[in-house]
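Please look over the sequence and the fold together before reading on, and keep both in view. The paragraphs below go from the whole chain to its sheet, and then to the residues packed inside.

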Amino acid sequence: VQTDVCPGDVAQNYNTGACMAIPNNPVQTAINCSWPNSKDGNNNYDPFPGYLDLLRSVDTSPPYEGRDCGSFVGTVMRSTGADPNYPKSGTYIQEPYVRNHPEKYQIIESVNSTAELIPGDILIVNEGSGAGASGHTYIYVGRQASGNDSASASYKKRYPGLGKAVLSDSRGKYMVARLKK
């Protein structure tokens, strides 16, 4: 039984099969635009139905046609109206953006457990600056029926899919940007 609740008290439903923006609900939008498992065979290379339309509604020239973590998070935040000014892509742009908008985001420098996260948290790790920066970003969506709890895409490699949240990797610890209500 799904018990997690999205911001705005809208129950999370495991992928409804339609990628569309749900106003002020980035969590459900991220779920709806992601393959149920980020490692599902051919799904790595095909966009979830409707994802490219949603992507192009907020970015007419997206890098790598949405096979990019920053483009995915930017699309979700912009299309839902949760943050219409969220940068379209690039962790090297998105990280300073959330840090420079304390009126919109609470920044948590590091967490030790996914139990400290709430659905809708944006996690970002960024090493370096500029287009060559090595970074990653994703949206924590809460535990789903599959056991997955995050939604992300991968730079030039795969379209959005659900997977397991990571709190650190070879680039360092992920910071959390929590949208203020």
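Accessible areas are worked out here by the Shrake-Rupley method with a 1.4 Å probe. By this reckoning the protein chain, which is a predicted model, exposes about 8,300 Å², and carbon and sulfur atoms supply 50% of that area. Of the 181 residues in the protein chain, 50% are buried, where buried means under 20% relative accessible area.

The secondary structure of the chain amounts to 4 helices and 10 strands, and anyone who follows the sequence from its start meets them in the pattern β-β-α-α-α-α-β-β-β-β-β-β-β-β. Elements far apart in sequence can still meet in space: of the contacts between residues at least 6 apart in sequence, 55% join residues at least 24 apart.

Consider next the sheet. Strands of a sheet pair through backbone hydrogen bonds, in either a parallel or an antiparallel way. In this model an open sheet of 6 strands runs in the order S3-S10-S4-S5-S6-S7, and its pairing is antiparallel. Strand S3 (105-108) and S7 stand at the edges with a single partner strand each, so one side of each has no neighbour in the sheet. On average, and with direction ignored, neighbouring strands of this sheet are turned by 25 degrees against each other. The pairing of S6 with S7 is antiparallel and extends over 4 bridges; in one of these strands, S7, Gly163 is the bridge partner of Ser150.

Helices also meet these strands. H3 lies across S3, S4, strand S5 (134-140), S6, S7 and S10, and runs at about 35 degrees to S5. H4 packs on the sheet as well, where it touches S3, S4, S5 and S10, while its direction makes about 120 degrees with that of S4.

Which residues have the most contacts inside the largest nonpolar core? They are Tyr51, Phe72, Tyr86, Val98, Tyr105, Ile122 and Val141, in a core of 30 residues. Among the elements that give two or more residues to this core are helix H1 (26-32), helix H2 (51-58), helix H3 (69-80) and helix H4 (91-99), together with strands that include S4 (122-127) and S10 (175-179). Apart from this core lies another, of 11 residues, among them Leu123, Tyr138, Tyr140 and Tyr174.

Tyr105 offers a detailed view of such packing. With residues up to four places away in sequence not counted, Tyr105 touches Met77, Asp83, Tyr86, Tyr97, Val98, Ile122, Ala177, Arg178, Leu179 and Lys180.

How values were computed: Residues are numbered from 1 along each chain as its sequence is written. This is a predicted model: local features need pLDDT of at least 70, side-chain atom pairs count only at pLDDT 80 or more; totals for chains, interfaces and linings use all residues. Side-chain values use heavy atoms; hydrogens and water are left out. A nonpolar core is a set of buried Ala, Val, Leu, Ile, Met, Phe, Trp, Tyr and Cys residues joined through side-chain atoms within 4.5 Å. Buried means under 20% relative accessible area, exposed over 50%, partly exposed in between (1.4 Å probe, protein chains only). Contact means heavy atoms within 4.5 Å. Two strands pair if DSSP finds at least two bridges between them. Axes are lines fitted to C-alpha atoms, for helices over the stretch in contact, and angles run from 0 to 180 degrees between N-to-C directions.
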